[in-house]
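Biologist: Could you pull up the model, so that we can go through a few side chains together?

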Amino acid sequence: MAKNLLTINDLTKKDILDLIAFSNNFIDEDGNFRKEDLFPDKIVANVFCEPSTRTKMSFAVAAGNLGCNVLDFDVDTSSIQKGESIFETIDALNLMGVDLCVLRHPESVIRDLAEHLPKMVFINAGEGSISHPTQALLDMKTIIDHKSDLDGLKIVIVGDLDHSRVTSSFVEGVSNFDIDSLVFCGHPEMCQKYQNTDFGIYEPDIDKALKDADVIMTLRIQYERFEKDLNLDLDSYKSAYQLSSEKLGYAKGDAVIMHPGPVNYVEITESVYDSENSVIRQQIANGVAVRMAVLSRFLSS
Ligand code: CP
């Protein structure tokens, strides 16, 4: 396995399946996370230069469960506010003896950092709109938990795909498997990257897109990443793309509904979020187990 987890493409299909299987060992028979004092001599720094709840907190919980020392870097009170670059910041952490850096950053800086600081392990916790590999792992684990396999499934992704690093990493991850089909659905201006691809089909009509779906991944509109004002009529948007109970009727009865969070209830109704098909809250819990597996593997390598 590579030294760093910078993209899901750093992992082979076997690596992905091994990490998912390994993550199951960190959940006991009652569904609680095991606490193992495996890495008491390791220091993990969580450096999040963009907002996060799930990823940042689940990495902190995962590292704590493994017995690591966890540093919660606060960008707002750091010397980044005094003009220090991300390179000087991470180098300072490296000089202090931090073993592993979990980094979320709006720009593509993680490869350069990993190259220049070879003693430190880097785990990508979100790189602009580009990639989010541990989210893809937890998404694939959640699907396997419910469907036992990724092979043969019809998977539909609905929403603001263009700004979604969750989508790009998920698409890279599932490209290792023999899925039946991958369908991209959403407002044409939010799916420009996905209208002509080799790895899936774009279907703007949600009723057609959802027909016989096994897995539906819903995504919020990432207003913060649009370069110009989005003149969107929300009622029309919801009518076309919001996953409602009525639209869910086009999918298979046992379809699983996913969302990486945070949920805005524009892309999905509260009743679908709360429905028995929804595995959205399980995705959050799986984030801890998957990140325990990732930290364990990359701290050991
Ligand atoms: N899924 C995800 O990355 O959520 P956060 O932004 O809350 O970490």
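Biologist: Where is the place of Asp149?

Modeller: Asp149 lies in the loop between helix 5 (133-147) and strand 5 (154-158), where helices (H or I, at least four residues) and strands (E, at least two) are DSSP runs numbered from the N terminus. This is a predicted model, in which local features need pLDDT of at least 70, side-chain atom pairs count only at pLDDT 80 or more, and totals for chains, interfaces and linings use all residues. Residues are numbered from 1 along each chain as its sequence is written, and side-chain values use heavy atoms, with hydrogens and water left out.

Biologist: And is Asp149 buried or exposed?

Modeller: Asp149 is partly exposed, with a relative accessible area of 33%; buried means under 20% relative accessible area, exposed over 50%, and partly exposed in between (1.4 Å probe, protein chains only).

Biologist: Switching to rings, how many aromatic pairs are there in the whole structure?

Modeller: A search of the whole structure gives 5 aromatic pairs, counting rings of Phe, Tyr and Trp (its six-membered ring) with centres within 6.5 Å, and calling planes under 30 degrees apart stacked, over 60 edge-to-face and the rest tilted. Among them, Phe22 and Phe26 have ring centres 5.1 Å apart and planes at 70°, so this pair is edge-to-face, and both Phe22 and Phe26 are buried.

Biologist: What about Tyr265 and Tyr273?

Modeller: Their ring centres are 5.7 Å apart with planes at 75°, so Tyr265 and Tyr273 are also edge-to-face. Tyr265 is partly exposed, at a relative accessible area of 30%, whereas Tyr273 is buried, at 16%.

Biologist: Which residues do ring pairs link into a cluster?

Modeller: Phe184, Tyr194 and Phe199 are linked that way.
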